[in-house]
Amino acid sequence: MSNKIIAFQGFKGAYSHLSCVRVHPEMEAFACETFSDAMFMVERGEAELAMIPLENSTAGRVEEIYRLMPKTELHIIGEHFEPVNHCLLGIPGSRIEDITEAASHPQALAQCDTHLKSLGIVPVASLDTAGAAAELAAAPSKHQAAIASSLAAELYGLHILRDNFQDKTGNTTRFLILSKTSRMPVFDPAVTFMTSIMFAVRNMPAALYKALGGFATNGVNAIKLESYMASDTMQATSFHLDVEGHPDQRSMQYALQELDFFAKDVRIMGTYPAHPFRYRRDTLVE
């Protein structure tokens with residue numbers, strides 16, 4: 001039954017769950033306690049896909065994912081950008097003027113701080129946005145609220161007291177869609193592709209500069225470069241690179257040849273169509 005399951009980390013109603021519903025509504029979204037649980041469900045064949053957050057426009061990267069990916073043989077088959085719409089949720093019949101406390105993940109509370117203060121609502125930290133909604137539903141009080149997604153409101157029978165409760169618009173999370181099997185798309189010149197690569201540089205002067213030089217000289221646009229320590233020795237630095245291109249393009253082939261010469265442990269994690277959100281004119285954070 002794995003072909004009907006997409007795994008995610010968090011409670012039902014979390015933004016990861018919402019992303020699963022938006023991208024694959026035909027699949028059953030399965031909640032996992034940790035990122036590794038979700039990823040290794042796919043690795044073991046218990047789920048076909050996993051929806052994993054990699055970075056957020058406000059909070060930055062999810063560093064744990066960079067450490068987990070090399071421990072798996074999963075492939076990136078797609079990306080999804082999910083705008084974060086925090087909702088102030090209350091039990092049915094409650095009014096916004098009744099609320100004295102609101103629970104949510106500390107990051108969500110920080111993103112709604114100005115609105116909370118203007119309403120005189122005391123923030124209460126919780127482990128998860130959807131978890132806070134579940135707790136409110138289990139112990140209803142008209143003076144308590146939760147900050148979570150609209151999906152959490154639907155799942156836990158809560159009322160949306162105020163939509164778009166975050167202080168700033170533009171807060172967006174980028175998710176990777178992971179699969180046990182590679183799904184290399186056929187090259188289409190009308191489509192913009194992303195390719196994600198992991199590698200470590202060789203022990204030589206200017207190795208990183210030279211490894212990346214092939215992309216520059218061949219006109220391949222590097223979108224993202226992240227570094228992380230791949231071991232406990234603090235001596236081996238690995239890199240995650242996202243470039244705009246497909247391995248069947250001649251320019252990409254030349255760039256990858258140069259990367260192989262100056263880098264080691266090169267692994268193409270996946271090639272997939274770039275999400276349209278990347279090229280929207282209104283994606284800048286206000």
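Tutor: Let's start with one term: two residues are in contact when they have heavy atoms within 4.5 Å of each other. Keep in mind that we're looking at a predicted model.

Student: OK, let's try that on the chain start. Which residues is Lys4 in contact with, leaving aside its neighbours within four places in sequence?

Tutor: Met27 and Glu28. Lys4 sits in the segment before S1, and its C-alpha is 5.8 Å from that of Glu28, even though 24 residues separate the two in sequence. Lys4 counts as partly exposed because its relative accessibility is 47%, and the partly exposed class runs between 20% and 50%.

Student: What does UniProt list for residues 5-180?

Tutor: The UniProt entry, which is unreviewed, gives "domain: Prephenate dehydratase" for that span. In the model, the span is 31% helix and 33% strand, and its end C-alpha atoms lie 13 Å apart.

Student: Now the hydrophobic part. Which residues touch the most other members of the largest nonpolar core?

Tutor: A core here is a set of buried nonpolar residues linked through side-chain atoms within 4.5 Å. The largest one has 26 residues, and Met39, Ile52, Met69, Ile76 and Leu178 touch the most other members. Two or more residues come from each of strand S1 (5-9), helix H2 (35-43), strand S3 (49-56), helix H3 (63-68), strand S11 (172-179), strand S12 (193-201) and strand S15 (263-273). H2 contributes the most, with 5 residues.

Student: And what is Ile76 in contact with, leaving aside neighbours within four places in sequence?

Tutor: Met69, Leu176, Ile177, Leu178, Ser196, Met269, Gly270, Thr271 and Tyr272. There's also a second, separate core of 14 residues, with Ile197, Leu241, Leu256 and Leu259 among them.

Student: Back to H2. Which of its residues are buried?

Tutor: First the general idea: an α-helix has 3.6 residues a turn, so residues three or four places apart point the same way. In H2, the buried residues are Phe35, Ala38, Met39, Met41, Val42 and Glu43. Their cover includes S1, strand S2 (28-32), S3, H3 and S11. Just after H2, Gly45 takes a positive phi of about 85°.

Student: How do I read a pair of packed helices?

Tutor: You describe them by the angle between their axes and the distance between the axes. Take helix H8 (residues 207-217) and helix H9 (residues 250-262): the angle is about 170° and the axes are 7 Å apart. That makes H8 roughly antiparallel to H9, since angles over 145 degrees fall in that class.

Student: Which residues make the contact?

Tutor: From H8, Ala207, Lys210, Ala211, Gly213, Gly214, Phe215 and Thr217; from H9, Met252, Ala255, Leu256, Glu258, Leu259 and Phe262. Sorted by class, you get 8 nonpolar, 3 polar and 2 charged residues.

Student: And which residues of H8 are buried?

Tutor: Ala207, Ala211, Gly213, Gly214 and Phe215. They pack against S12, strand S14 (237-244) and H9. Gly219, just after H8, has a positive phi of about 70°.

Student: What about positive phi in a residue other than glycine?

Tutor: Asn164 is one case, with phi near 50°. Its place is the loop between strand S10 (159-162) and S11, and Asn164 counts as partly exposed because its relative accessibility is 44%. Ala206 is another, with phi near 60°. Ala206 is in the loop between S12 and H8, and is partly exposed, with a relative accessible area of 44%.

Student: One more alanine, then: is Ala153 buried or exposed?

Tutor: Buried, because its relative accessibility is 5%, and the cut-off is under 20%. Ala153 lies in helix H7 (residues 150-156) and touches Leu89, Leu158 and Ile160, not counting residues up to four places away in sequence.

Student: And where does Pro83 lie?

Tutor: In strand S5 (residues 75-83). Pro83 is partly exposed, with a relative accessible area of 39%. Setting aside residues up to four places away in sequence, Pro83 touches Asn171, Thr172 and Phe277. The C-alpha atoms of Pro83 and Ser16 are separated by 11 Å, with these positions 67 residues apart along the chain.

Definitions and conventions. Residues numbered from 1 in each chain as written. Predicted model: local features only at pLDDT ≥ 70, side-chain atom pairs only at ≥ 80, totals over all residues. Heavy atoms only, no water. UniProt positions renumbered as here; feature names shortened; annotations may be inferred. Helix = DSSP H or I, 4+ residues; strand = E, 2+ residues; numbered from the N terminus. Buried < 20%, exposed > 50% of the residue type's maximum accessible area, 1.4 Å probe, protein only. Axes fitted to C-alpha atoms, helices over the stretch in contact; angles between N-to-C directions. Parallel < 35°, antiparallel > 145°, perpendicular 65-115°, else oblique. Nonpolar A, V, L, I, M, F, W, Y, C, P; charged D, E, K, R; others polar.
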